[in-house]
Amino acid sequence: MVVMTDMGLRSDPEAEAEAECERCGKILPLCVCEGVTPLKNRTPLLILQHPQEQDRALGTARLTTAHLANAVLKIGLSWPSLSRAIGETVDPQRWGVLYLGSVRPADLDPEREIIAVDRRGEAEASQTAVLRSLEGIVLLDGTWSQAKALWWRNPWMLRCQRIVLNPAGPSRYGKLRKEPRRDGLSTIESAGIVLSRLDRAPDIETQLLAGFDRLLERYRALRRDSPEFDRAENRRVKRPPGGARSAVQRKRAAAKSKKRAASNKPEGG
Ligand SMILES: [Zn+2]
């Protein structure tokens, strides 16, 4: 890469390693954009990403939108309405949002991969009709707590049709990602399931998963071949104590250790 400095132009191998793809936002060794042709999905997709989503190596929001002609990624914490978030007038009641509440999809209907649920978390009576009436899908991108924050900060989401996923298999992330995520799936896997079923276009899921597989392959190869990248990823995954905890968890932990100190008992004793 050629870098402009006070001294003029120079070649900089370090900057080369740090350079990012404009399309997927990943460092070049992790970019799998080449050969990605956007698919013409019928059901529009809106991805809302928490501004503190940190997983730049394995995050898949931008890769998802690169794969889809009809998809928008917005980064932020809150939007006054769905229409404002997406930039056109839409009816939130006709849009589906991936629900974060405590529902066990397999208990509702083990046969279905997408289930529309009502406000009590029970399966809607006419699944086919409800799912067919959906005019768009909202996905929340980030850790579990970040997705929850997006949910509570955007009250218009309460008016959207809640859907839950009951994926046939586990996430392809496997053990790569240690932070808890909504239903354990990546954004690109969730988008693949929802859009391919709603559009009745299996190719959408096939293509998205192929893109995701390429990313995971690059990621594993980079960790294997670049000790520096591997160290950085290890540091990121193993956060300092308290780093990945919520404020409530930290408070509880502090109260617990205070109590322990007062009774002078070892933990678990
Ligand atoms: Zn790229």
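Colleague: Let's begin with Ala123: is it buried, exposed or partly exposed?
Modeller: This is a predicted model, in which local features need pLDDT of at least 70, side-chain atom pairs count only at pLDDT 80 or more, and totals for chains, interfaces and linings use all residues. Residues are numbered from 1 along each chain as its sequence is written. A residue is buried if 20 or more other C-beta atoms, placed from the backbone, lie within 10 Å of its own, exposed if 12 or fewer do, and partly exposed in between. Ala123 has 18 other C-beta atoms within 10 Å, so it counts as partly exposed.

Colleague: And which residues does Ala123 touch, leaving out those up to four places away in sequence?
Modeller: Ala123 is in the loop between S6 and helix H5 (127–132); helices (H or I, at least four residues) and strands (E, at least two) are DSSP runs, numbered from the N terminus. Its C-alpha atom is 6.2 Å from that of Leu108, which is 15 residues away along the chain. Taking contact to be C-beta atoms, placed from the backbone, within 7 Å, Ala123 touches Leu108, Asp109, Ile115 and Val117.

Colleague: Leu77 is in a loop too; which residues does it touch, with the same four places left out?
Modeller: Leu77 lies between S4 and helix H3 (82–86), and with 13 other C-beta atoms within 10 Å it is partly exposed. Gln52, 25 residues apart from it in sequence, is 9.4 Å away, C-alpha to C-alpha. The residues that Leu77 touches are Pro51, Ala149, Leu150 and Arg153.

Colleague: Leu150 takes us to H6; why do its buried residues end up on the same side?
Modeller: Helix H6 spans residues 144–153, and Gln146, Ala147 and Leu150 are buried there. An α-helix has 3.6 residues a turn, so residues three or four places apart point the same way. S3 and S7 are among the elements that cover the buried residues of H6. Those residues share one side because the arc they cover around the axis, taken from the directions from the helix axis to the C-beta atoms, is only 100 degrees.

Colleague: Now the open sheet: which strands stand at its edges?
Modeller: Six strands make up the sheet in the order S4-S3-S7-S5-S8-S6, with mixed pairing; two strands pair if DSSP finds at least two bridges between them. The edge strands have a single partner strand each, so one side of each is left without a neighbour in the sheet; they are S4 (71–75) and S6 (114–117).

Colleague: Which residue of S8 is the bridge partner of Val117?
Modeller: S8 joins S6 through four bridges, running antiparallel, and S5 through three bridges, running parallel. From the S5 partner, Val97 stands opposite Arg162. On the S6 partner, Val117 is bridged to that residue of S8 as well, namely Arg162.

Colleague: How many residues of S8 are buried?
Modeller: In a regular strand the side chains alternate between the two faces of the sheet. Here Gln161, Ile163 and Leu165 point one way, Arg162 and Val164 point the other way, and all are buried. S8 is largely enclosed by the rest of the structure, because its buried residues number five of the five.

Colleague: Which helix gives the largest share of the largest nonpolar core?
Modeller: Such a core is a set of buried Ala, Val, Leu, Ile, Met, Phe, Trp, Tyr and Cys residues joined through C-beta atoms within 7 Å. This one has 47 residues, and Leu45, Val138, Leu139 and Ile163 touch the most other members. The largest share is six residues, and it comes from H7.

Colleague: At what angle does H7 run to S7?
Modeller: Helix H7 (residues 187–198) lies across S3, S5, S6, S7 and S8. Axes are lines fitted to C-alpha atoms, for helices over the stretch in contact, and angles run from 0 to 180 degrees between N-to-C directions. Relative to S7, the helix H7 runs at about 170 degrees.

Colleague: Finally, what do the buried residues of H8 pack against?
Modeller: Helix H8 (residues 202–225) reaches 35 Å from its first C-alpha to its last, close to the expected 34 Å, a span defined as 1.5 Å times one less than its number of residues. Its buried residues are Ile204, Leu208, Gly211, Phe212, Leu215 and Tyr219. They pack against helix H2 (61–67) and H7.

Key
Contact = placed C-beta atoms within 7 Å.
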